[in-house]
Amino acid sequence: MRLRQDMDTPVDPDSDTTPAVRLLAGTLVEAANRNASDLHIEPGEHDWRIRLRVDGVLHEIARPPAHLRDAFITRVKVLARMDIAERRIPQDGRLRLAAAAGRTEDYRVNSLPTLHGEKLVLRRLEALPAQLSLDALGLDPVQRDAVEAAIRAPHGLMLVTGPTGSGKTLSLYCFLQMLNAESRNVCSVEDPSEIQMAGVNQVSVREKSGLTFAVALRAFLRQDPDVIMVGEIRDEETADVAVKAAQTGHLVLSTLHTNDAPATVARLIDIGVAPYNLAAALRVVTAQRLVRRLCAACRVPVNESAAALRAAGFAEAQLDGWHPYVAKGCAACHGVGYTGRIGVHQVMPVSDATRELIVARAGTLAIAKQAQAERVGTLREAALARVRDGTTSLAEALAATEVA
């Protein structure tokens, strides 16, 4: 593998055989082999460590000799085109790994000055999988039908909610992939744009230059758009423009930070969106979490008590004829017991009855009750379905859907 600073100037680590260079090349190869999402270089008072985030969990992979730390960090900053002399303020950069068969892997790099030196985090910016589908996201047939109905609509607002790291952006790009056609003008604005998609007019927020979500959104509306994707609704201005765009003939996709789908309505009203505008624009809300998949090579069944299963949320009729699986660990999963992650979702189509509740400023509990009456399952129920089919463990499902 080769590191390169730009598309035209490859940097071959074999041409520089210093220990720090070899360590960086080996670490990036390990990150790719384990499909890590982030790589952390963390300084301590007397040593330093390298950790990889795999399937949402950090794992330490090395504590290299202390004398290599500064050379290692400098090497990363040089490749990422960061100022190696500046160690007092955070910096951002990018680097590229040229892999086999013409493949490339991009990394977003951020430095942070800490008590014992600079901490670096390298985020892998993976390309969008060519065959990604709604099924691959983990949607059940009913949920998929609800999402597809919203995607086929000529206008309206589609929202994906959940905490940071729950796969919201990937879900949005899956929807965009279905909408990306020669007959449509598709525009997106993110902070920053991490996934490149041919055919989509992608804009990255640059707040220092005055290019905010709201500014980009207003510009989009003068660009004759059919589909608009907003990376995140953060403030009243962005929310107001997005909702009004969804009312005026555009399909708008965005994300929000809420615990579940019913709470999204209250959050948008709290931000400052008028309830009557929200009721007219909103079509579907998808709340989601990611759970780790049990390693198929080493998972083992366990005799969980009926009381524990009931306490988790299983109905009495669901207790017989099966056993949950737990993680064991083997060479295939590097001893972790899990390989990869899958989404669990709550998909809430906005019905006429729900719109009436929104206009009446009904609370989250009332909207949740209406959703339940319309057979919209909860996130916990979706996670427990993954336990029952052996995809994940009970402990993983409960941890992912625990509400603070």
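Contact here means heavy atoms within 4.5 Å. With that in hand, here are some close-ups of this predicted model.

**View 1. Helix 6 and the elements packed around its buried residues.** Helix 6 takes in residues 236–247. Its 12 residues reach 17 Å from the first C-alpha to the last, close to the 16 Å expected at 1.5 Å a residue. The buried set in this helix is Thr238, Ala239, Val241, Ala242, Val243, Ala245 and Ala246. Those buried residues pack against three strands and three helices: strand 9 (156–161), strand 12 (227–230) and strand 13 (251–256), plus helix 5 (213–220), helix 7 (262–271) and helix 8 (275–281).

**View 2. The two ends of helix 6, with aspartate 235 at the start and glycine 249 just after the helix.** At the start, look for a side-chain oxygen of aspartate 235, which comes to within 3.2 Å of the backbone nitrogen of glutamate 237. Past the other end, glycine 249 has a positive phi of about 95 degrees.

**View 3. Strand 9, covered on both faces.** Buried or exposed? For strand 9, 6 of its 6 residues are buried. Gly156, Met158 and Val160 sit on one side, while Leu157, Leu159 and Thr161 sit on the other. Strand 9 pairs with strand 13 in the parallel sense over 6 bridges, and with strand 14 (residues 282–294), again in the parallel sense, over 5 bridges. Threonine 161 is a handy residue to follow across the pairing: its bridge partner in strand 13 is leucine 256, and in strand 14 it stands opposite alanine 287.

**View 4. Histidine 40 and its polar contact with lysine 119.** Histidine 40 belongs to strand 3 (residues 38–43). Why does histidine 40 count as buried? Its relative accessibility is 10%, and the cut-off for buried is under 20%. The side chains of histidine 40 and lysine 119 are joined by a polar contact of 3.0 Å. Setting aside neighbours within four places in sequence, histidine 40 also touches Arg49, Ile50, Arg51, Arg53, Leu58, Leu120 and Val121.

**View 5. Arginine 69 in helix 2.** Helix 2 covers residues 69–79, and arginine 69 is part of it. Arginine 69 has a relative accessible area of 18%, so it is buried. Not counting residues up to four places away in sequence, arginine 69 touches Pro43, Gly44, Trp48 and His116. Take proline 43: it is 26 residues from arginine 69 in sequence, yet the C-alpha to C-alpha distance is 7.9 Å.

**View 6. The second largest pocket, with about 540 Å³ of space.** There are 27 residues in its lining, and those closest to the centre are Asp140, Gln143, Gly377, Glu381 and Ala382. Helix 3 (141–152), strand 17 (338–349) and helix 12 (379–388) are the elements that give two or more residues to this lining.

**View 7. The largest cavity, about 40 Å³ in volume.** How many cavities of 30 Å³ or more turn up? The count comes to 1. The largest cavity is lined by Leu137, Leu139, Val147, Val160, Ser171, Phe175, Thr286, Gln288 and His345. Helix 4 (168–179) and strand 14 each supply at least two residues of that lining. Val160, one of the lining residues, is also among the buried residues of strand 9.

Key:
Residues numbered from 1 in each chain as written. Predicted model: local features only at pLDDT ≥ 70, side-chain atom pairs only at ≥ 80, totals over all residues. Heavy atoms only, no water. Helix = DSSP H or I, 4+ residues; strand = E, 2+ residues; numbered from the N terminus. Expected span 1.5 Å × (residues − 1). Buried < 20%, exposed > 50% of the residue type's maximum accessible area, 1.4 Å probe, protein only. Polar contact = N/O pair within 3.5 Å; in protein donor to acceptor, adjacent residues only side chain to side chain. Pairing = 2+ DSSP bridges. 1 Å grid on protein atoms, 1.4 Å probe; cavity = no way out; pocket = protein on both sides within 12 Å on 5 of 7 lines; lining within 4 Å. Points joined across faces, edges and corners; volume = space filled by probe spheres on them.
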